[in-house]
Amino acid sequence: MNKQTINRVVIAGGGTAGWMAAATLTKSLGTQLEVTLIESDEIGTIGVGEATIPTMLSFHHLLGIDEQEFMKAVNGSIKLGISFENWLERGDKYIHSFGKTGKECWAGEFQHFWLKGLEQGIDAPFGDYCLELQAAKEGKFAISKDPWINYAYHMDATAYGKFLRKFSEKLGAKRIEGMIEKVNLNIDTGFIESLQLKSGQIIEGDLFIDCTGFRSVLSEQALHTGYEDWSNWLPCDSAVATQETAVAPPIPLTRAIALDHGWQWKIPLQNRVGTGLVYSSRYQSDDNAKQTLLDNLEGEAFFDPKVIKFRTGRRLKGWNKNCIAIGLAGGFIEPLESTTIFLISSNLIRLMRLFPINGIEQVLVDEFNKQAKAEIELVRDFVVLHFHATRRTDTAFWRHCRTMPIPDSLSSRLDLFLETGRIFIGAEELFRVDSWTQVMIGQGIVPKQYHPVANLMGDDELRRFLNGYRASIQNIITKLPMHGDFLKHYCPTEI
Ligand SMILES: Cc1cc2nc3c(=O)[nH]c(=O)nc-3n(C[C@H](O)[C@H](O)[C@H](O)COP(=O)(O)OP(=O)(O)OC[C@H]3O[C@@H](n4cnc5c(N)ncnc54)[C@H](O)[C@@H]3O)c2cc1C
């Protein structure tokens, strides 16, 4: 491979991915690297991507970002999970929260005890045993260490880019505004040598991070890396997005409302709501999607819905030659579980751990690609679950989702859970047992049997345990402030 020492890193693109890359590189290796970011005002950023998951807290912790400063700057609110509405069937609703449900024992998780309780007539929903889920339902939140309440953020995507730009520039990142028109490759190695801007300026580098969004100017247009298409498992390929005025205080939940040919998100920030429709162009036209979105608004639209086209899947090699594709340039799983910003941070941390400061070795590249592929495939399976496990037959879209083939890895996991109540998660998986059980049960997959470990508790003991657990959650929730009040005190928006 290319044993040239890495001194100059060039980041192409200044969306969320580009600035997260700049922040990570300058924070961790800023004293040893020259970091340059190129972004085009003419193209702009995608402007969506406003819901996160709890891993964002760890990412910010690594960067040393102050939470209150961040939340004030991005009009931030708290997210305790996602409210899935009309997914199992019309009128149904469940929450996938970030919390732990009940208490497990070494032989089996909480669902076994819950299932035995059901058999005995203790028919409280599974979610009644989860603190975060109950807090979300009541619209309450506080930062609490004992017990810890697991949370993530809703944020203004554009403001987040600006926040990270300030952060990265302070640490030495250099920003160049301009349109990349040509990617110059070394004739012998095929490695990228430089990027040529419309202005004629040439920016040379040793390592390039492609953050140019769906265009993938470096990884795809120049290096022809290739793409694995997952649209046979994830049927949506389009979105329309806008923002609307808030008509109520923000709830600590993203709403994902299943519609006839896809679904609608609602992401409440402190003083506005981000909203959009994700749909399949096979079943719904862009004009019809725009109209549906406008008809569903509760407040006033800030701008006409803009249409975004996408192809779910992954770039065949996240790292190809001396170019690493991060963010939408590297692949995309539709936004139902808000996973793209997580994948950006995870790939950046992976890159830092494998950083080829003394030159690019094939083993480093292969390890990066192996880990990144495994991670995104598992996220994909979790998202496919929501579409496939539905009882809806009311439109051609949902009939397709019910009957479409699903990845074998997902199929075997669902069978194991349905038949035995068991679920096993790999050490590296993003979504843990609590997420899988909440969503599988929410989507109507209720196991046929439970682990015999649940029989170790006598009937009275089980009743006391389940009722006591629920009561202890309610006791904590009565003491929590309303989410809106928490925000006003902790991080009033500066936007
Ligand atoms: C409908 C939808 C909803 C989403 N919701 C969520 C969500 O809730 N949570 C989540 O985690 N993720 C979500 N995502 C994903 C999220 O939007 C992205 O992860 C995030 O915005 C990062 O985008 P990016 O930086 O890769 O690309 P972009 O924002 O598109 O940025 C690309 C950058 O490259 C620059 N560029 C492109 N070509 C050139 C060129 N030739 N020369 C110079 N510069 C160039 C652009 O100017 C821009 O600065 C969503 C995505 C979609 C499509």
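Colleague: How do the residues of the shell around the ligand divide into nonpolar, polar and charged?

Modeller: Keep in mind that this is a predicted model. The shell holds 34 residues, and Gly14, Ala51, Ile180, Leu328 and Ile341 are the closest. Sorted by type, the shell comes to 17 nonpolar, 14 polar and three charged.

Colleague: And which helix gives the most to that shell?

Modeller: Two helices each supply at least two of its residues: α1 (16–29) and α9 (340–353). With three residues, the one that gives the most is α9.

Colleague: What share of the ligand's accessible area does the protein cover?

Modeller: Look at the polar contacts to backbone atoms before the area. A ligand nitrogen lies 2.8 Å from a polar backbone atom of Ile180, while ligand oxygens are 3.0 Å from one of Ser40 and 3.4 Å from one of Cys211. On its own the ligand has 1000 Å² of accessible area, and the protein's cover of this is 96%.

Colleague: Over to the sheet with β12, β18 and β21. Which strands stand at the edges?

Modeller: It's an open, antiparallel sheet of three strands, running β12-β18-β21. Each edge strand has a single partner, so one side of it is left without a neighbour in the sheet; these are β12 (227–229) and β21 (331–332).

Colleague: Which residue stands opposite Tyr227?

Modeller: β12 pairs with β18, residues 313–315, in the antiparallel sense, and three bridges join them. Across from Tyr227, in β18, stands Arg315.

Key: Residues numbered from 1 in each chain as written. Predicted model: local features only at pLDDT ≥ 70, side-chain atom pairs only at ≥ 80, totals over all residues. Heavy atoms only, no water. Pairing = 2+ DSSP bridges. Helix = DSSP H or I, 4+ residues; strand = E, 2+ residues; numbered from the N terminus. Near = heavy atom within 4 Å. Polar contact = N/O pair within 3.5 Å; in protein donor to acceptor, adjacent residues only side chain to side chain. Areas by Shrake-Rupley, 256 points an atom, 1.4 Å probe, with all protein chains shown as cover. Nonpolar A, V, L, I, M, F, W, Y, C, P; charged D, E, K, R; others polar.
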